[in-house]
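Work through the exercises below with the structure open beside you. Try each task before you read its solution.

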Amino acid sequence: MDFESFVLAAATADLGDEPAAREDADAVEFRMDLATDPLAALADYDGELPLIVTNRADFEGGEAEDDDARLDALCTAVEHPKVEAVDVELTTASEGDGGRVIDHARDHGAAVIVSTHDFAKTPEPPKLRQLLDQACEYGDVGKLAVTARSTDDVLELLAATRASVAGGDRVATMAMGEPGRHSRAVAPLYGSKIGYAPVDPADATAPGQYDLATLRRLVAELESEPTED
């Protein structure tokens, strides 16, 4: 998974959702931190879609304790032949022991997404660029999710997305919350390389997510609209 083009990932803690995701998704984001026995589920996985594995720490809105066992599980996960990308938090990559996960992933041919989330606000524009730059320093893709309180917040995120892409980085950006919901459909037009959506809207893993089929349709419609010079 090289993220040269946009990848729509079905976000789930249940790999049994994969058959229902095939029509609309390019990949499955497996939320290991939300699964009961994630390594056993991975061992049994024989689906068609490639996997992005995420074992989100509690300090970034997940349910996994920030300990060695969490990172050990990610190292084991990237050895699975269907795992083509792993998500590591920016704090873990830059200040913690995430380097061993990153190295292990690359040794096994998996791409690295380095992510950071702000569940309270949208940082100021210079901070948005700084976070994306830092994430891209460690990962093949820098992922930034912020919380929008207004459409102005979304505009600032899209501007930062475009600037990072123009600078040669691969990024994935989205604004959480209702004011930022449309960013999930619009951000790919500005260069964002990954979108996330649940198969069933009741299973959303972040505020403001569209369901998978809706997001696929919106992105496709926007990408097909003619532009004027």
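The exercises that follow deal with a predicted model.

**Exercise 1. The sheet**

Task: Find the order of the strands in the open sheet, and say which strands stand at the edges.

Solution:
- Step 1. Trace the sheet from one side to the other. Eight strands form it, in the order S7-S6-S5-S4-S3-S2-S1-S8. The pairing is parallel.
- Step 2. Look at the ends of that order. S7 (171–176) and S8 (194–197) each have a single partner strand, so one side of each lacks a neighbour in the sheet.
- Step 3. Check the twist. On average, neighbouring strands are turned by 25° against each other, direction ignored.

**Exercise 2. Strand S2**

Task: Describe how strand S2 is paired, and decide whether its residues are buried or exposed.

Solution:
- Step 1. Start with S1 (residues 7–12). Four bridges join S1 to S2, and the two run parallel. Ala9 stands opposite Ala27 in S2.
- Step 2. Turn to S3 (residues 51–54). Four bridges also join S2 to S3, again in parallel. Here Arg31 has Thr54 of S3 as its bridge partner.
- Step 3. Follow the chain from S2 to S3. S2, helix H2 (residues 38–44) and S3 make a right-handed β-α-β unit.
- Step 4. Recall a general point. Side chains of a regular strand alternate between the two faces of the sheet.
- Step 5. Apply the cut-off for burial, under 20% relative accessible area. Ala27, Glu29 and Arg31 on one side of S2 are buried, as are Val28 and Phe30 on the other.
- Step 6. Conclude. Five of the five residues of S2 (residues 27–31) are buried, so the strand is largely enclosed by the rest of the structure.

**Exercise 3. Strands S5, S6 and S7**

Task: Work out how S6 pairs with S5 and with S7, and what covers this part of the sheet.

Solution:
- Step 1. Pair S5 (residues 111–117) with S6 (residues 141–147). They run in the parallel sense over five bridges. Val114 has Gly142 in S6 as its bridge partner.
- Step 2. Add the helix. H6 (residues 125–138) packs on the sheet and touches S5, S6 and S7. The direction of H6 makes about 145° with that of S6.
- Step 3. Move on to S7. S6 and S7 pair in the parallel sense over six bridges. Gly142 stands opposite Val171 in S7.
- Step 4. Trace the connection. The chain leaves S6, passes through helix H7 (residues 151–166) and reaches S7 in a right-handed β-α-β crossover.
- Step 5. Judge the cover. Six of the six residues of S7 are buried. Val171, Thr173 and Ala175 point one way, while Ala172, Met174 and Met176 point the other way.

**Exercise 4. Helix H3**

Task: Find how H3 lies against H5, then locate Ala77.

Solution:
- Step 1. Compare the axes. Those of H3 (residues 68–77) and H5 (residues 98–107) come within 9 Å and cross at roughly 5°. Angles under 35 degrees count as roughly parallel, so H3 is roughly parallel to H5.
- Step 2. List the contacts. Asp68, Leu71, Asp72, Leu74 and Cys75 in H3 meet Gly98, Arg100, Val101 and His104 in H5. By class, that is four nonpolar, two polar and three charged residues.
- Step 3. Go to Ala77, which lies in H3. Ala77 is buried, with a relative accessible area of 1%.
- Step 4. Find its surroundings. Leaving out residues up to four places away in sequence, Ala77 touches Met32, Leu39, Leu42, Val53 and Val83.

Conventions
Residues are numbered from 1 along each chain as its sequence is written. This is a predicted model: local features need pLDDT of at least 70, side-chain atom pairs count only at pLDDT 80 or more; totals for chains, interfaces and linings use all residues. Side-chain values use heavy atoms; hydrogens and water are left out. Axes are lines fitted to C-alpha atoms, for helices over the stretch in contact, and angles run from 0 to 180 degrees between N-to-C directions. Angles under 35 degrees count as roughly parallel, over 145 as roughly antiparallel, 65 to 115 as roughly perpendicular and the rest as oblique. Contact means heavy atoms within 4.5 Å. Ala, Val, Leu, Ile, Met, Phe, Trp, Tyr, Cys and Pro count as nonpolar, Asp, Glu, Lys and Arg as charged, and the others, Gly among them, as polar. Buried means under 20% relative accessible area, exposed over 50%, partly exposed in between (1.4 Å probe, protein chains only). Two strands pair if DSSP finds at least two bridges between them. A crossover is right-handed if, with the strands pointing away from the viewer, the path from the first strand over the helix to the second runs clockwise.
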